[in-house]
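Colleague: Got a minute to go through this chain with me? I'd like to start with the cysteines.

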Amino acid sequence: MGIHHGKREKPIVVYASHLPKGTIKEIECCWDQGLYLAVTHEDGQKAKAYKPGSSIGIDLGEVHTIGAFCENGQALPTTGRKILSLHRLRNKKLAEIQRRQSKCQKGKQGAARRLQILERTNESDVSTDCVSKK
């Protein structure tokens, strides 16, 4: 699979049990918490024609997390205040930990403990109830 550092490598062989029917256009090897194959294929179906009055536009932002606009003039903005608040709090806590950590000597127990706290803070997830309609 190419020449790296002057040595030719063996090609990667993948066995797939379920491939879609139709003309395969592209196969990609991807990684998302594990390897998987992304297959782009032509299934023979034609794309549906556009119907006026049945489409919506969505704008993703930071202050107004999702703004949805319909063709008939209706709009639904959803705010992300809680997400912004959590993001700000996380940055504040990270700054506090890093400030304390910069005063520690490397190799000391206090520095190691603060590093563990910092890693846990970086891994924290935002809860799913953060988006509210306003």
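Modeller: Sure. The sulfur of Cys 30 is 6.8 Å from the closest cysteine sulfur, in Cys 29, and that is too far for a bond. Keep in mind that this is a predicted model.

Colleague: What cut-off are you using for a disulfide?

Modeller: The two cysteine sulfur atoms must lie within 2.5 Å. The structure holds zero disulfides.

Colleague: And is Cys 30 buried or exposed?

Modeller: Cys 30 is buried, with a relative accessible area of 18%. The cut-off for buried is under 20%.

Colleague: What about Cys 70, how accessible is that one?

Modeller: Cys 70 has 27% relative accessibility, so it counts as partly exposed. Residue 70 also closes strand S6, which covers residues 66-70.

Colleague: Which strand does S6 pair with?

Modeller: S6 pairs with strand S7, residues 75-79. The pairing is antiparallel, over four bridges. Gly 67 stands opposite Pro 77 in S7.

Colleague: How many residues sit between the strands of that hairpin?

Modeller: Four. Gly 73 in this hairpin takes a positive phi near 100°.

Colleague: Changing topic. How many salt bridges are there?

Modeller: The count comes to two. In one, the side chains of Lys 25 and Glu 42 meet at 3.3 Å, N to O. Lys 25 lies in strand S3 and Glu 42 in strand S4, so the pair ties together parts that are 17 residues apart in sequence.

Colleague: Are those two side chains buried or exposed?

Modeller: Lys 25 is exposed, with a relative accessible area of 55%. Glu 42 is partly exposed, at 44%.

Colleague: Where is the other salt bridge, Arg 100 with Glu 96?

Modeller: In helix H1, residues 81-102. Arg 100 and Glu 96 are four residues apart there, about one turn of the helix. Their closest N and O atoms are 3.3 Å apart.

Colleague: How accessible are Arg 100 and Glu 96?

Modeller: Arg 100 is partly exposed, with a relative accessible area of 47%. Glu 96 is partly exposed too, with 28%.

Colleague: Now the greasy side. Which residues make the nonpolar surface patch?

Modeller: Ile 12, Val 14, Leu 19, Ile 24, Ile 27 and Leu 37. The patch comes to about 520 Å².

Colleague: Where does Ile 24 lie?

Modeller: Ile 24 lies in strand S3, residues 23-31. At 35% relative accessibility, Ile 24 counts as partly exposed. Lys 25, from the salt bridge with Glu 42, lies in S3 as well.

Colleague: I also marked Ser 54. Where is that?

Modeller: Ser 54 is in the loop between strand S4 (35-42) and strand S5 (56-60). At 53% relative accessibility, Ser 54 counts as exposed.

Colleague: How far is Ser 54 from Asn 72?

Modeller: Their C-alpha atoms are separated by 9.0 Å. Along the chain, Ser 54 and Asn 72 are 18 residues apart.

Colleague: Let's zoom out. What is the overall pattern?

Modeller: Along the sequence the chain reads β-β-β-β-β-β-β-α-α-β. That comes to two helices and eight strands.

Colleague: What share of the residues is buried?

Modeller: Of the 134 residues, 10% count as buried. Cys 30 is buried by that cut-off. The chain exposes about 12,300 Å², and carbon and sulfur atoms supply 53% of it.

Colleague: Last one. What share of the contacts join residues at least 24 apart?

Modeller: 20%, among contacts between residues at least 6 apart in sequence.

Methods:
Residues numbered from 1 in each chain as written. Predicted model: local features only at pLDDT ≥ 70, side-chain atom pairs only at ≥ 80, totals over all residues. Heavy atoms only, no water. Patch = residues over 30% accessible without salt bridge, like charges linked within 9 Å, V, L, I, M, F, W, Y side chains within 5 Å. Areas by Shrake-Rupley, 256 points an atom, 1.4 Å probe, with all protein chains shown as cover. Salt bridge = Lys/Arg side-chain N within 4 Å of Asp/Glu carboxyl O. Buried < 20%, exposed > 50% of the residue type's maximum accessible area, 1.4 Å probe, protein only. Pairing = 2+ DSSP bridges. Contact = heavy atoms within 4.5 Å.
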